[in-house]
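This report describes where a ligand sits in a protein model and what surrounds the ligand there. It then turns to the pockets and to some details of the backbone.

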Amino acid sequence: MTGAPQGEGDAERKMRFLYAIRSHGVTDRRVLEAMEATDRGAFVKGIFADRAYDDVPLPIACGQTISQPSVVGLMTQALEVGPRDKVLEVGTGSGYQAAVLARLARRVYTVDRYRRLVREAEETFRALGLSNIVARTADGSFGLPEQAPFDRIIVTAAAEDPPGPLLAQLREGGIMVLPVGQSDHVQRLIKVTRTPGGYEYEELRAVRFVPLVEGLAQD
Ligand code: SAH
């Protein structure tokens with residue numbers, strides 16, 4: 001059930017993992033290095049652990065999913081993160097996307113509406129020695145006003161439209177990447193750039209994400 005060739009060792013699996021990401025169009029060397037350095041296996045628990053290096057989304061706790069690695073790569077590449085950037089991620093989930101971003105940015109703030117996911121992600125960040133990530137339980141559709149503005153914002157759950165507070169918390173010249181569209185349909189990944197005069201929108205590709213849900217969750 002692993003989808004991997006039988007007898008494949010760790011090194012081969014990781015090579016296949018990077019090959020899948022590259023073949024989907026992730027060519028930015030810094031992004032590839034950040035993904036090579038971030039062990040996805042640390043973010044996938046239980047029965048799905050042996051599929052951590054397959055290019056597929058996988059179930060995590062609270063009925064959520066860890067995104068497909070090639071989609072993580074494409075979103076990270078589109079975000080054009082620099083080493084001085086302060087980044088906001090909405091939708092911590094397993095923490096994998098935040099961990100990849102943390103290797104490229106100065107600091108990453110990540111929020112999720114599930115306290116449990118935030119707690120577990122924090123444990124994983126600690127175990128991996130990633131000290132420039134701040135995780136919070138919050139409704140990310142309102143952003144994180146006390147830390148705004150952000151150089152980069154990434155949303156890993158789909159809203160029907162880009163949330164107004166997130167557009168407002170993007171610094172001039174900043175970039176936001178997010179899926180938009182109805183949750184039970186194919187959504188579009190878009191890149192928003194804040195210009196001196198307003199916002200520019202670029203459509204990247206079709207994607208499928210869990211919905212951005214209002215309010216904090218129970219667990
Ligand atoms: N980036 C994650 C995958 C995210 S799945 C990873 O790398 O594993 C989407 C996440 O968005 C879920 O964990 C879900 O709880 C969260 N989410 C949905 N609506 C939200 C909201 N309004 N505020 C914060 N998080 C939200």
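A polar contact is a pair of N or O atoms within 3.5 Å. The model shown here is predicted. One such pair involves S94, with a polar side-chain atom 2.6 Å from an oxygen atom of the ligand. The backbone takes part as well: a polar backbone atom of Q97 is 3.0 Å from an oxygen atom of the ligand, and a backbone N or O atom of V213 lies 2.7 Å from a nitrogen atom of the ligand. On its own the ligand has 580 Å² of accessible area, and the protein covers 99% of that.

**The shell around the ligand**

How many residues surround the ligand? There are 27, and the closest are S94, D112, D139, G140 and V213. Sorted by class, this shell has 11 nonpolar, 12 polar and four charged residues. As for its location, the ligand sits in the largest pocket. Three elements each give two or more residues to the shell: β2 (65-66), α4 (96-102) and β4 (107-112).

**The two largest pockets**

The volume of the largest pocket is about 590 Å³. Its lining is made up of 39 residues, and those closest to the centre of the pocket are T65, T156, A157, F209 and V210. The elements that give two or more residues to this lining are β2, α3 (69-79), β3 (86-90), α4, β4 and β9 (198-207). Among these, β9 gives the most, with three residues.

The second largest pocket has a volume of about 170 Å³. The residues that line this pocket are F43, K45, P59, I60, A61, G93, S94, L117, E120, A121 and T124. S94 is thus part of this lining and is also among the closest residues to the ligand. Helix α5 (residues 115-128) supplies the largest share of the lining of the second largest pocket, four residues.

The table sets out the classes of the lining residues.

| Pocket | Nonpolar | Polar | Charged |
|---|---|---|---|
| Largest pocket | 19 residues | 14 residues | six residues |
| Second largest pocket | six residues | three residues | two residues |

**Two backbone details**

Most residues other than glycine have a negative phi, and most peptide bonds are trans. Which residue has a positive phi although it is not a glycine? C62 does, with a phi of about 65 degrees. C62 lies in the loop between β1 (58-59) and β2. β2 also gives residues to the shell around the ligand and to the lining of the largest pocket.

The other detail concerns a peptide bond. A148 and P149 are joined by a cis peptide bond, with omega about 0 degrees. P149 is found in the loop between β5 (133-137) and β6 (150-155).

Definitions and conventions
Residues numbered from 1 in each chain as written. Predicted model: local features only at pLDDT ≥ 70, side-chain atom pairs only at ≥ 80, totals over all residues. Heavy atoms only, no water. Near = heavy atom within 4 Å. Polar contact = N/O pair within 3.5 Å; in protein donor to acceptor, adjacent residues only side chain to side chain. Areas by Shrake-Rupley, 256 points an atom, 1.4 Å probe, with all protein chains shown as cover. 1 Å grid on protein atoms, 1.4 Å probe; cavity = no way out; pocket = protein on both sides within 12 Å on 5 of 7 lines; lining within 4 Å. Sits in = over half its atoms within 2 Å of the grid points. Nonpolar A, V, L, I, M, F, W, Y, C, P; charged D, E, K, R; others polar. Points joined across faces, edges and corners; volume = space filled by probe spheres on them.
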